[in-house]
Amino acid sequence: MRRLLLLLLLAAPLHGAEIEAGAQHVVAMYGDNAGLEIDMSRGFGVHVEVFWSNAISTRAAAAFLNPAVYAPEVDLGTMGLDIWSATARWHLGRSRFSGYAGAGGALVAIGNLEDQFGGTVEREFDPELAAVVEAGVRYRIHPRIVLELGATYIPLQVEELAVDPLIVSAGAAWRF
């Protein structure tokens, strides 16, 4: 996977594609969770995006979050949530202010849960594959610098736990 991404990054300028790299601040909200309460959480994300044309791009991204989790009257600590995604995007115009929509897939690694003050709850999760849908707006402040505000939804069901993160991100990117 790393070699393929490196090859894309090296070959893209040869074919006229443009490359963008950036970082985001992310906030995630979670769905109903079979008796568990998962707090809204903040984290960060990074991405690399290759623009194949004015309207089409592909994006590889990673987001890292640590929401606090509670069972009824039990503090389970934080659950690490690492999301590695690959999406294809369709851009609505390339003016100073433009929108986008995209879809793809994600590998989501969920950290283990364990009762902080006893042994009543203990859960281990395997990494899961999930679909990704996203939409947002971009604002170009300089020919090479873009600000982006987006929303990403991942319908994720792990055992009886419906994590379903809705991730709102705000960030900046620099075009090479």
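Trainee: What makes β3 and β4 count as a pair, and in which sense do they run, parallel or antiparallel?

Mentor: In this model, which is predicted, β3 and β4 pair over nine bridges in the antiparallel sense. Two strands pair if there are at least two bridges between them, and therefore β3 and β4, with nine bridges, meet the requirement. One of the positions you can look up in the structure is Gly-45, whose bridge partner in β4 is Ala-63. As for the connection, a hairpin of four residues leads from β3 to β4.

Trainee: Which eight strands close into a barrel, and how do you know in what order they follow one another?

Mentor: The order is β1-β3-β4-β7-β8-β11-β12-β15, and the pairing is antiparallel. From one strand to the next, the twist averages 25 degrees. The order can be followed pair by pair: β1 (residues 18–29) is joined to β3 (residues 41–51) by 11 bridges, β4 is joined to β7 by 10 bridges, β7 pairs with β8 (residues 97–110) over 12 bridges, and β8 is joined to β11 by 12 bridges. At least two bridges are needed for a pair, so 11 bridges are enough for β1 and β3, and 10 are enough for β4 and β7.

Trainee: Which strand is joined to β1 by 10 bridges, and in which sense do the two run, parallel or antiparallel?

Mentor: That strand is β15, and it runs antiparallel to β1. Within this pair, Ala-23 stands opposite Ala-172 in β15. In the pair of β1 with β3, Val-26 has Gly-43 as its bridge partner, and Ala-28 stands opposite Ser-41.

Trainee: Which residues stand as partners between β7 and its neighbours in the barrel, and what joins β7 to β8?

Mentor: Towards β4, Ile-56 has its bridge partner in β7, namely Trp-90. Towards β8, the bridge partner of Ala-86 is Gly-105. A hairpin with four residues between the strands joins β7 to β8, and Gly-93 in the turn has a positive phi of about 85 degrees. In the pair that β8 makes with β11, Ala-101 stands opposite Ala-135.

Trainee: Why are β2 and β6 called edge strands?

Mentor: The three strands β2, β5 and β6 form an open sheet in the order β2-β5-β6, with antiparallel pairing, and β2 and β6 (74–78) each pair on one side only. Between β2 and β5 (residues 68–71) there are two bridges, in the antiparallel sense. Since the rule asks for at least two bridges, β2 and β5 count as a pair. One of the positions involved is Ile-38, whose bridge partner in β5 is Val-69.

Trainee: Why is Tyr-30 called buried, although it lies in a loop?

Mentor: Tyr-30 does lie in the loop between β1 and β2 (37–38), but its relative accessible area is 14%. Buried means under 20%, so Tyr-30, at 14%, is buried. Leaving aside neighbours within four places in sequence, Tyr-30 is in contact with several residues, among them Ile-38, Leu-65, Pro-67, Leu-81, Val-163 and Pro-165. Met-40 is also one of the contacts, and although Tyr-30 and Met-40 are 10 residues apart along the chain, their C-alpha atoms are separated by 6.8 Å.

Trainee: What share of the protein's residues counts as buried, and what makes up its accessible surface?

Mentor: Of its 176 residues, 41% count as buried, which means that this share has a relative accessible area under 20%. The accessible surface comes to about 9600 Å², and 62% of that surface belongs to carbon and sulfur atoms.

Trainee: How many cavities are there of 30 Å³ or more, and what lines the largest?

Mentor: There are two cavities of 30 Å³ or more, and the largest has a volume of about 270 Å³. A cavity is a space where a 1.4 Å probe fits but cannot get out, which is why the term is used here rather than pocket, which is an open set. The lining of the largest cavity comes to 22 residues, and Arg-59, Ala-61, Ser-85, Glu-134 and Thr-152 lie nearest its centre. Among the elements that give two or more residues to this lining are β4 (56–65), β7 (81–92), β11 (128–142) and β12 (145–153).

Notes. Residues numbered from 1 in each chain as written. Predicted model: local features only at pLDDT ≥ 70, side-chain atom pairs only at ≥ 80, totals over all residues. Heavy atoms only, no water. Buried < 20%, exposed > 50% of the residue type's maximum accessible area, 1.4 Å probe, protein only. Areas by Shrake-Rupley, 256 points an atom, 1.4 Å probe, with all protein chains shown as cover. Axes fitted to C-alpha atoms, helices over the stretch in contact; angles between N-to-C directions. 1 Å grid on protein atoms, 1.4 Å probe; cavity = no way out; pocket = protein on both sides within 12 Å on 5 of 7 lines; lining within 4 Å. Points joined across faces, edges and corners; volume = space filled by probe spheres on them. Contact = heavy atoms within 4.5 Å.
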